[in-house]
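Good morning, and thank you for joining this presentation. Please take a moment to look at the sequence and the structure before I begin.

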Amino acid sequence: MSTLEVDSDGALFVCGSLLDAAHRAALLGREVAAALARLSGYERRRGRYFYIVARAGAETAGLVLSGLSERDFAALDRYEEVPRLYTRAKIEVADAGGGGTLRCWVYLPTPALPGPRN
């Protein structure tokens with residue numbers, strides 16, 4: 001695990017199946033840097049898939065993947081079924097140790113995502 005990088009265009013906050021390093025490597029064809037992070041104001045839930053929803057006072061633990069290329073994001077967008085099941089948006093996350101914040105990408109659910117989202 002590394003610390004958060006400032007290159008937010010190549011960074012992605014994850015808190016579901018992409019927490020698994022072997023799964024990420026299989027999907028991307030390579031290992032990528034990951035740092036512990038937390039997302040304030042969002043709660044992690046699971047229907048058929050993991051997703052986050054805005055909720056005041058909530059906090060979600062996860063990872064920030066960094067050094068992602070356009071090719072990586074194309075593979076991730078296919079995996080997350082963008083734009084049908086998820087959209088990709090910028091969000092601010094904090095280093096798990098409280099050392100800093102970073103504005104990076106995150107996948108947010110669309111109404112088409114199976115399972116409850118309230």
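**Leucine 76 and its surroundings**

Leucine 76 has a relative accessible area of 1%, and it is therefore buried, the limit for that term being under 20%. I should say at once that we are looking at a predicted model.

Where does leucine 76 lie? Its place is in helix 2. Which residues does leucine 76 touch, once those up to four places away in sequence are set aside? They are Leu12, Leu18, Leu27, Leu28, Leu68 and Tyr107. For a sense of distance, consider proline 109, which is 33 residues from leucine 76 along the chain. The C-alpha atoms of these two residues are separated by 14 Å.

Let me now turn to the nonpolar cores. The largest nonpolar core has 19 residues, and Leu76 is one of those that touch the most other members. The others named in that group are Leu12, Leu65, Leu68 and Phe73. Which elements each supply at least two residues of this core? They are strand 1, at 12–14, strand 3, at 50–66, helix 2, at 70–79, and strand 5, at 101–109. Strand 3 provides the largest share, with four residues. Another core, of 13 residues, lies apart from this one. Among its members are Ala11, Ala37, Ile52 and Leu102.

My next topic is the largest pocket. The space within it comes to about 330 Å³. Its lining is made up of 19 residues, and those nearest the centre of the pocket are Gly16, Ser17, Phe50, Glu80 and Tyr86. Strand 1, strand 3 and strand 5 are the elements that give two or more residues to this lining. With three residues, strand 3 gives the most. How do the lining residues divide into nonpolar, polar and charged? The lining holds 13 nonpolar residues, two polar ones and four charged ones.

Finally, I would like to consider proline 111. This residue is found in the segment after strand 5. Is proline 111 buried or exposed? Its relative accessibility is 77%, and the limit for the exposed class is over 50%, so proline 111 counts as exposed. Tyrosine 86, which I named among the residues nearest the centre of the largest pocket, is 25 residues from proline 111 in sequence. From C-alpha to C-alpha, proline 111 and tyrosine 86 are 8.7 Å apart in space.

To close, I return to the two residues with which the talk began and ended: leucine 76 is buried, whereas proline 111 is exposed. Thank you for your attention.

How values were computed. Residues numbered from 1 in each chain as written. Predicted model: local features only at pLDDT ≥ 70, side-chain atom pairs only at ≥ 80, totals over all residues. Heavy atoms only, no water. Core = buried A, V, L, I, M, F, W, Y, C linked by side-chain atoms within 4.5 Å. Buried < 20%, exposed > 50% of the residue type's maximum accessible area, 1.4 Å probe, protein only. 1 Å grid on protein atoms, 1.4 Å probe; cavity = no way out; pocket = protein on both sides within 12 Å on 5 of 7 lines; lining within 4 Å. Points joined across faces, edges and corners; volume = space filled by probe spheres on them. Nonpolar A, V, L, I, M, F, W, Y, C, P; charged D, E, K, R; others polar. Contact = heavy atoms within 4.5 Å.
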